[in-house]
Structures are given as structure tokens and as C-alpha cells.
Amino acid sequence: MLKISSSGNIFTTFQEEQLAGNLQALSLMVIAVGATALVHAQTFPTAPIRIVVPFPPGGGTDILARLIARKMNESWGQPVIVDNRPGANGTIGAALVTKAPADGHTLLLVPSGFAVNPSVYPKLPYNSERDLAPVSHLASSPLLAVVHPSLPVKSIKELIALAKKTPGQINYGSSGNGSPPHLATEKFKLMAGINISHIPYKGGGPAMIDLLAGHIPIYFIAILQSLPYAKSGRLVPLAVTSAKRFPSVPEIPSIGETVPGYDMTNWYGMLTTAGTPREIVNKLHAEIVRILNQQEAKAKLAEDGAIVIASTPDEFAAFLRKEIASNAEIVKAAKMTAGD
């Protein structure tokens, strides 16, 4: 028996029944897959969780990871291990997570330098947006632009004026190529139209020693690390790098008050392997938000001059895309490479 469809096509009854059967089977398959993912999310975690920190122990990224690991262990009853895998500004640890099973049991906690790597490392062993799944933007903090008292400036406006009078003659330090202090200062240079020379160090500690000794006169540094020296007069605080004044130091202006549109913060984020079921990503996100909103976590972050963000996976994905694009512009304009 022949039937004519509304579009004018001719089908046999057998063909029509076969098509309907295929559609029904496909629908059942979709329902089954969805149900399986839901069951997995409900039972997750089913094994120890590993939080990869792509930097050595003791830094801000490591401290935050250990706080989250302890709270996850208390909540879920599964071992949560912090695995430090330092090297190449975090790319070694990130590459490790991209190769892990996509089941949510392997996480990656990164600082803001993560969004710089695609621009300064032309042969990354992974694609930051394709191979990793954002879970949450955890926290954020500005840096503090400080100078040694020997430099005759007391404000960002005075620093810009001095730098324009002596192009290329003033040095600034950073904790390494592609680090937040490096990017923050290069963005400041570009937006203020000045030329000061970069002196990279192998970490924040050595850079701070030379700053206090006056060997480098300028450093965009973490608030927690610099405030004690600013209060004692050993360093002069000029401005915070956030768009607005920071709540913990409201008396210090922002760079944006002198250089409109300037905004650069150091942030922390959590990701997992791409392909992890969304239900599991959502469960991880909910647990992280619960932990970050506890008083202990807020207090610990406040000690580091940071505030809780706890964004959704989609919000963090959009934030990362914007950060990667923005950093790419800075890297290109500054002609920055991994070896700078």
C-alpha cells in the first residue's frame, strides 16, 4: 500500500512503520543516556578525587586547592588528593588533566596565568577551550602597584609623568614571564602610553627581595604580600589594579581612576576534563559554591586580599573566552613570548 506524505513524497506502509520504529528507538536511546548520566551524577563521586595544581606547594593556588580538598572530603567521604604538577607556567599540569577520564574525578585549579598560555606558548599540547570544561570562577583579587621609596613618585599620575620623561630607563619586576604581575604591568604600559623595562624573576620571593633592596623600583604585586611593607613605609602604594577601589583597602585609589578602562585582576578557577557529563559538572559546581560560601573559606581568601566569585560553569566559560582574547591582545602588542 502506498501513502503520499504532505510534502508529496510516496512511502510504503512498511517504510513509514520502519521510520516510526527508528524514531522511537532513537528516543528511547536518548532517554536511556540521560537517565544513565543522572544516575552517575547522583552517585558521584565513586572514586578518589584528584585536584591537579600546576604549581609548587605553598602558593595561593595550592592553599586554595587544599582548602577545597579538605571540605570535599568531609562532605563526600571520598579521598580528595592535591597533586602538584609544576612547570611551564601551569601547562604541564593542565595537559595532564586533558588526558584524564571525563568523569569529574580529576580537577584542575588554575590562576589567571592560565588564560595567557595560549598566546605565549604556540605549541600547547592541548586546546584551553576545547579540552577542558569550566566548573567555576572561584575568587578574584587585584594586584597592588607599589614602588620603592627611592623612586620620586607618590601616585600613578606621577609615575606616568616620570616614565614619559625617561622612556625605557625605569625597570619593573615580575614573578616571571606571563605571570599576573607581568601582564598587569604590560597592560598598564600600553594603556598609559609609557615605556618601562621588564625584569622577570623566578618567582615572587626573589622579586620582592630586590624590590625592597631598591634594585627594581616598581612591582605590581599581590595585596597580601605588599601591604605590610606599605604600612611600614618600606614601599609606597600607588593604586590597585581592579576597575574600582578594593573593599579591604578603600583608601588606595584604582589605576582606572587615572587610566580610564584599566582593569586587571588575579583570579582562580576550577576546570575538569572536557566531555564530563553536565550533571557531574553541576554537582561539582554546587559543592564548590557551598565550600566557598562558608566563613572559613571567605576568611582565608580575605587574608589573601581576595573575594569569592563562585560563578556558574557557563559564566566561567564566557569569562575565560574574554580573558584569553584580552590577554592575546596584550601579548601581541607587547611582542611577548614564553622566553621574554
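A cavity, as I use the word today, is a set of grid points where a 1.4 Å probe fits but cannot get out. Its volume is the space filled by probe spheres set on those points. Keep that in mind. And keep in mind that this is a predicted model.

Cavities, then. How many of 30 Å³ or more does the structure hold? Two. I start with the second largest cavity, at about 40 Å³. Its lining is made of Gly60, Ile63, Leu64, Tyr268, Lys300, Leu301 and Asp304. Two elements give two or more residues each: helix H2, residues 60–76, and helix H10, residues 295–303. Which of the elements gives the most? That is H2, with three residues. By character, the lining splits into four nonpolar residues, one polar and two charged.

Now the largest cavity. Here the space is about 60 Å³. Look for these residues around it: Ser112, Gly113 and Val116, then Ser179, Pro180 and Leu183, then Met264 and Thr265, and finally Glu323 and Asn327. Helix H6, residues 180–192, supplies at least two residues of this lining, and so does H11. The split here is four nonpolar, five polar and one charged.

H11 comes back in the next part, the aromatic rings. The count of aromatic pairs comes to six. One of them is Trp267 with Phe319. Their ring centres are 5.4 Å apart, with 80 degrees between the planes, an edge-to-face pair. This pair joins distant parts of the chain. Trp267 belongs to strand E11, residues 265–273, while Phe319 belongs to helix H11, and 52 residues separate them. Are the two partners buried or exposed? Trp267 is buried, because its relative accessibility is 0%. Phe319 has a relative accessible area of 22%, so it is partly exposed.

Phe319 has another ring partner, Phe316. That pair is stacked, at 6.4 Å centre to centre and 25 degrees between the planes. Why do they sit about one helical turn apart? Because Phe316 and Phe319 are three residues apart in helix H11. Phe316 counts as buried, since its relative accessibility is 0%.

There is also a ring cluster. Ring pairs link Phe188, Phe220 and Tyr262. Go to Tyr262 and look above the ring. The charged end of Lys187 sits over it, 5.8 Å from the ring centre.

Next, backbone geometry. A word of background first. Most residues other than glycine have a negative phi, and most peptide bonds are trans. Three places here call for a look.

Place one: the bond between Phe44 and Pro45. Is that peptide bond cis or trans? It is cis, with omega at about 0 degrees. Pro45 sits in the loop that runs from helix H1, residues 13–43, to strand E3, residues 49–53.

Place two: Asn89. This residue is not a glycine, yet its phi is positive, about 55 degrees. You will find Asn89 in the loop between strand E4, residues 80–84, and helix H3, residues 91–98. Asn89 counts as buried, because 19% relative accessibility is under the 20% cut-off.

Place three: Ala310. Again a residue other than glycine, again a positive phi, here about 50 degrees. Ala310 is in the loop between strand E12, residues 307–308, and helix H11, residues 313–333. So this loop leads into the helix that carries Phe319. Ala310 is buried too, since its relative accessible area is 16%.

Last stop, Thr166. Where is it? Thr166 is in the loop between helix H5, residues 156–165, and strand E7, residues 171–174. A polar atom of the Thr166 side chain lies 2.9 Å from the backbone oxygen of Leu162. Thr166 also pairs up in space with Asn195: 29 residues apart in sequence, and 8.4 Å apart from C-alpha to C-alpha.

To recap. The predicted model holds two cavities of 30 Å³ or more. Six aromatic pairs are counted. There is a cis peptide bond at Phe44 and Pro45. And Asn89 has a positive phi, as does Ala310.

Notes:
Residues are numbered from 1 along each chain as its sequence is written. This is a predicted model: local features need pLDDT of at least 70, side-chain atom pairs count only at pLDDT 80 or more; totals for chains, interfaces and linings use all residues. Side-chain values use heavy atoms; hydrogens and water are left out. Helices (H or I, at least four residues) and strands (E, at least two) are DSSP runs, numbered from the N terminus. Buried means under 20% relative accessible area, exposed over 50%, partly exposed in between (1.4 Å probe, protein chains only). Rings of Phe, Tyr and Trp (its six-membered ring) pair if their centres lie within 6.5 Å; planes under 30 degrees apart count as stacked, over 60 as edge-to-face and the rest as tilted. A charge sits over a ring if NZ of Lys or CZ of Arg is within 6 Å of the ring centre and within 35 degrees of the ring normal. On a 1 Å grid over the protein atoms alone, a cavity is a set of points where a 1.4 Å probe fits but cannot get out, and a pocket is an open set with protein on both sides within 12 Å along at least five of seven lines; lining residues have an atom within 4 Å of a point. Ala, Val, Leu, Ile, Met, Phe, Trp, Tyr, Cys and Pro count as nonpolar, Asp, Glu, Lys and Arg as charged, and the others, Gly among them, as polar. A polar contact is a pair of N or O atoms within 3.5 Å; within protein, one must be able to donate a hydrogen and the other to accept it, and residues adjacent in sequence count only if both atoms are side-chain atoms.
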